[in-house]
Amino acid sequence: AEDEYLIKRVAEILNDYINNLPRRKELIFICRYYYADRIVNISKMLGISEKTVYRELEEIRQGLKNRLEKEGFPFEKQ
């Protein structure tokens with residue numbers, strides 16, 4: 001029961017985080033992580049450089065990590 005609650009809570013946080021991203025970052029995140037699109041395809045679709053896609057993905061991941069930590073889901077350094 002606790003695992004189900006934690007999964008549901010993380011899903012809620014993830015959905016809220018994605019829904020509050022700027023539109024371009026939301027598209028980048030969804031294309032990369034839901035549809036497993038290649039970086040080159042995302043950059044062509046949005047008319048931006050691959051470097052920009054990589055940079056924005058890093059910003060998105062860091063923001064999500066910060067949000068999860070703020071909500072009480074700590075990350076261990078590896």
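These legends describe close-up views of a predicted model.

Local features need pLDDT of at least 70, side-chain atom pairs count only at pLDDT 80 or more, and totals for chains, interfaces and linings use all residues. Residues are numbered from 1 along each chain as its sequence is written, and side-chain values use heavy atoms, with hydrogens and water left out.

**View 1. The whole protein chain has four helices and zero strands.** Helices (H or I, at least four residues) and strands (E, at least two) are DSSP runs, numbered from the N terminus. The order along the sequence is α-α-α-α. The C-alpha trace spans about 45 × 25 × 20 Å along its principal axes. Of the 78 residues, 28% count as buried (under 20% relative accessible area, 1.4 Å probe, protein chains only).

**View 2. Helix 2 (residues 23–34) packs on helix 4 (residues 50–70) at an angle of about 90°.** Their axes, lines fitted to C-alpha atoms over the stretch in contact, lie 10 Å apart. Helix 2 is therefore roughly perpendicular to helix 4 (65 to 115 degrees, on a scale from 0 to 180 degrees between N-to-C directions). Contact means heavy atoms within 4.5 Å. Helix 2 contributes residues including Ile 28, Phe 29 and Tyr 33, and helix 4 residues including Val 53, Leu 57 and Ile 60.

**View 3. Helix 3 (residues 39–46) has the buried residues Ile 39, Val 40, Ile 42 and Ser 43.** Seen down the helix 3 axis, these fall within an arc of 165°, so they line one face of the helix. The arc is that of the directions from the helix axis to the C-beta atoms. The buried residues of helix 3 pack against helix 2 and helix 4.

**View 4. Gly 47 comes just after helix 3.** Gly 47 takes a positive phi of about 70°.

Key: Parallel < 35°, antiparallel > 145°, perpendicular 65-115°, else oblique. Buried < 20%, exposed > 50% of the residue type's maximum accessible area, 1.4 Å probe, protein only.
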